[in-house]
Amino acid sequence: MPMDDAIRAALALTPISTAWERTVEITTTGGRSGLPRRIEIWFYRVGDTNYLSGMPSSTPDWFRNLQANPRFSFHLKHGVQATLPATAHPVLDDDERRRVFTEIVADLNQPANPGRIAQPTSVDDWMNGSVLVRIEFDD
């Protein structure tokens, strides 16, 4: 699906974006089963790049699936409804991870706290316990 202005606007999150606007679904391919796996997840935007991550915890299944099969579908579901083919690029470089998590944490620690996440959350917690995936959308 070509990216029109409405899709670009839906992907252009800002610190005032609501939890509703940040919530999407992704369909990955199971790393062992090869079957489609669809979950609801938040996405983040830092600069002009969109990312997937999760709260600091163990490695989620969706991340393992993307490591095995990086192609996935990104489903916008609020306001604009669209399915976008994409490729996942795990972010492993500590400098890039820290830069991105610093922006994500600043966004989450704002007074309007879009996700009702216990504040303050820390960059070090995210660095030590969260996965991070850069999203590359097909043109």
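## Exercises on a predicted model

In helix H4, the buried residues are Arg97, Val100, Phe101, Ile104, Val105, Asp107 and Leu108. The model is predicted, and the exercises below start from this helix.

**Exercise 1.** Determine on which side or sides of H4 the buried residues lie, and what covers them.

Solution. Step 1: take the buried set, which is Arg97, Val100, Phe101, Ile104, Val105, Asp107 and Leu108. Step 2: these residues cover an arc of only 150 degrees around the axis, so they sit on the same side of H4. Step 3: look for what covers them; the cover includes helix H2 (19-22), E2, strand E3 (49-53), helix H5 (123-129) and E6.

**Exercise 2.** Check the length of H4 against the expected span, and inspect the start of the helix.

Solution. Step 1: H4 holds 15 residues, 94-108. Step 2: at 1.5 Å a residue, where the expected span is 1.5 Å times one less than the number of residues, the helix should span 21 Å. Step 3: the end C-alpha atoms of H4 are 20 Å apart, which agrees with the expected value. Step 4: at the start of H4, the backbone nitrogen of Asp95 has a side-chain oxygen of Asp93 within 3.2 Å.

**Exercise 3.** Trace the pairing of the strands, beginning with E1.

Solution. Step 1: E1 pairs with E2 in the antiparallel sense, over seven bridges. In this pair Thr23 stands opposite Trp42 of E2. Step 2: the hairpin of E1 and E2 has six residues between the strands, and Gly34 there takes a positive phi near 75 degrees. Step 3: E1 also runs antiparallel to E4, to which it is joined by four bridges; here Glu25 stands opposite His75. Step 4: E2 goes on to pair with E3, antiparallel over four bridges, with Tyr44 opposite Tyr51 of E3. Two residues lie between E2 and E3 in their hairpin, and Gly47 in the turn has a positive phi of about 65 degrees. Step 5: E3 pairs with E6 as well, again in the antiparallel sense and over four bridges. Step 6: for burial, six of the seven residues of E1 are buried, so E1 is largely enclosed by the rest of the structure. In E3, four of the five residues are buried.

**Exercise 4.** Name the residues with the most contacts inside the largest nonpolar core, and find the elements that supply this core.

Solution. Step 1: the largest nonpolar core has 23 residues, and those with the most contacts inside it are Leu11, Leu52, Trp62, Phe72, Phe74, Leu76 and Leu84. Step 2: two or more residues each come from helix H1 (5-11), strand E1 (23-29), strand E2 (36-46), helix H3 (61-68), strand E4 (71-76), strand E5 (82-90) and strand E6 (132-137). Step 3: E5 gives the largest share of this core, four residues. Step 4: take Leu76 as a case; beyond residues up to four places away in sequence, Leu76 touches Ile7, Ala10, Leu11, Val24, Gln81, Ala82 and Leu84. Step 5: apart from this core lies another, of 14 residues, among them Ile104, Leu108, Val123 and Met127.

**Exercise 5.** Describe how the buried residues of H3 are arranged around the helix axis.

Solution. Step 1: the buried residues of H3 are Trp62, Phe63, Asn65 and Leu66. Step 2: they cover an arc of only 160 degrees around the axis, which puts them on the same side of H3. Step 3: what covers them includes E1, E2, E3, E4, E5 and E6.

**Exercise 6.** Classify Leu132, Pro60 and Arg32 as buried, partly exposed or exposed.

Solution. Step 1: the cut-offs are under 20% relative accessible area for buried and over 50% for exposed, with partly exposed in between. Step 2: Leu132, in strand E6, has a relative accessible area of 1% and is therefore buried. Step 3: Pro60, in the loop between E3 and H3, has 21% relative accessibility and so counts as partly exposed. Step 4: Arg32, in the loop between E1 and E2, is exposed at 87%.

**Exercise 7.** Find the strand partner of Leu132 and list the contacts of Leu132.

Solution. Step 1: Leu132 in E6 stands opposite Ser53. Step 2: the two residues are 79 residues apart along the chain, with C-alpha atoms separated by 4.7 Å. Step 3: neighbours within four places in sequence aside, Leu132 contacts Tyr51, Leu52, Ser53, Phe63, His89, Pro90, Val91, Arg97, Val100, Phe101 and Ile104.

Note on methods. Residues are numbered from 1 along each chain as its sequence is written. This is a predicted model: local features need pLDDT of at least 70, side-chain atom pairs count only at pLDDT 80 or more; totals for chains, interfaces and linings use all residues. Side-chain values use heavy atoms; hydrogens and water are left out. A nonpolar core is a set of buried Ala, Val, Leu, Ile, Met, Phe, Trp, Tyr and Cys residues joined through side-chain atoms within 4.5 Å. Buried means under 20% relative accessible area, exposed over 50%, partly exposed in between (1.4 Å probe, protein chains only). Contact means heavy atoms within 4.5 Å. Two strands pair if DSSP finds at least two bridges between them. The arc is that of the directions from the helix axis to the C-beta atoms. A polar contact is a pair of N or O atoms within 3.5 Å; within protein, one must be able to donate a hydrogen and the other to accept it, and residues adjacent in sequence count only if both atoms are side-chain atoms.
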